[in-house]
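Please examine the model shown below, which is a predicted one. The paragraphs that follow move from the overall fold to one helix and then to the surface.

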Amino acid sequence: MLTVIGIMAGGILAGFLLRNRNLSSRLGKPVFATVLILLFLMGLAVGGNPAIAANLPHMGGQALLLAFMGTLGSVSAAFLVYKLFFRKDFKKDSEHEK
């Protein structure tokens, strides 16, 4: 785990030092291709593991439930933040425009 954090910190440092060279516009396609390759390899590893493949329907149901509940929680929190912090300011701004 420390290796992963170190590699990520190295990437952040390299990005910080090279920020004036506009690398982000040239890195979009290679990063996208790398992510696709990683997803394919992860699918290959999951499909090749008999224990995971046998339990995939059960784990898929749990994953669907977790995704639904996470989305519901995020939407609820966003609605609450909007009501508490932005709704009042929106009304005040619209009254000044009249």
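How many helices and how many strands make up the secondary structure of the protein? There are 3 helices and 0 strands, and from the N terminus on the order of elements is α-α-α. In this predicted model, the share of buried residues among the 98 residues of the protein is 0%. A residue counts as buried here when its relative accessible area is under 20%. The protein exposes about 9000 Å², of which 74% is supplied by carbon and sulfur atoms.

The helix α2 deserves a separate description. With its 25 residues, at 1.5 Å a residue, α2 should span 36 Å. The C-alpha atoms at its ends are 35 Å apart, in agreement with that expectation. Along its course α2 also bends, by about 25°, and the bend is located at proline 30.

Arginine 26 belongs to α2 as well. Is arginine 26 buried or exposed? Its relative accessible area is 57%, and the cut-off for an exposed residue is over 50%, so arginine 26 is classed as exposed. The side chain of arginine 26 nevertheless has a polar partner: one of its polar atoms lies 3.2 Å from the backbone oxygen of arginine 21.

The surface also carries a nonpolar patch. Its members are Leu13, Phe16, Leu17, Leu18, Leu23, Leu27, Val31, Phe32, Val35, Leu36, Leu39 and Met42, and together they have about 1100 Å² of accessible area. Two elements, α1 (2–17) and α2 (24–48), each give two or more residues to this patch. Which element provides the largest share? That element is α2, with 7 residues.

The spacing of residues along a helix is relevant to such a patch. An α-helix has 3.6 residues a turn, so residues three or four places apart point the same way. Among the patch members are Leu27, Val31, Val35 and Leu39, and the range of α2 is 24–48.

Methionine 42, another member of the patch, is likewise placed in helix α2. Because the relative accessible area of methionine 42 is 52%, and exposed means over 50%, methionine 42 is exposed. Helix α2 thus holds both arginine 26 and methionine 42, the former with a polar contact to the backbone of arginine 21 and the latter within the nonpolar patch.

Definitions and conventions. Residues are numbered from 1 along each chain as its sequence is written. This is a predicted model: local features need pLDDT of at least 70, side-chain atom pairs count only at pLDDT 80 or more; totals for chains, interfaces and linings use all residues. Side-chain values use heavy atoms; hydrogens and water are left out. Patches are made of residues with over 30% relative accessible area and no salt bridge: like charges are joined within 9 Å, nonpolar side chains (Val, Leu, Ile, Met, Phe, Trp, Tyr) within 5 Å. Accessible areas come from the Shrake-Rupley method with a 1.4 Å probe; for residues, only the protein chains shown count as cover. A salt bridge is a side-chain nitrogen of Lys or Arg within 4 Å of a carboxyl oxygen of Asp or Glu. Helices (H or I, at least four residues) and strands (E, at least two) are DSSP runs, numbered from the N terminus. Buried means under 20% relative accessible area, exposed over 50%, partly exposed in between (1.4 Å probe, protein chains only). The expected span of a helix is 1.5 Å times one less than its number of residues. The bend at a residue is the angle between axes fitted to the seven residues ending there and the seven starting there. A polar contact is a pair of N or O atoms within 3.5 Å; within protein, one must be able to donate a hydrogen and the other to accept it, and residues adjacent in sequence count only if both atoms are side-chain atoms.
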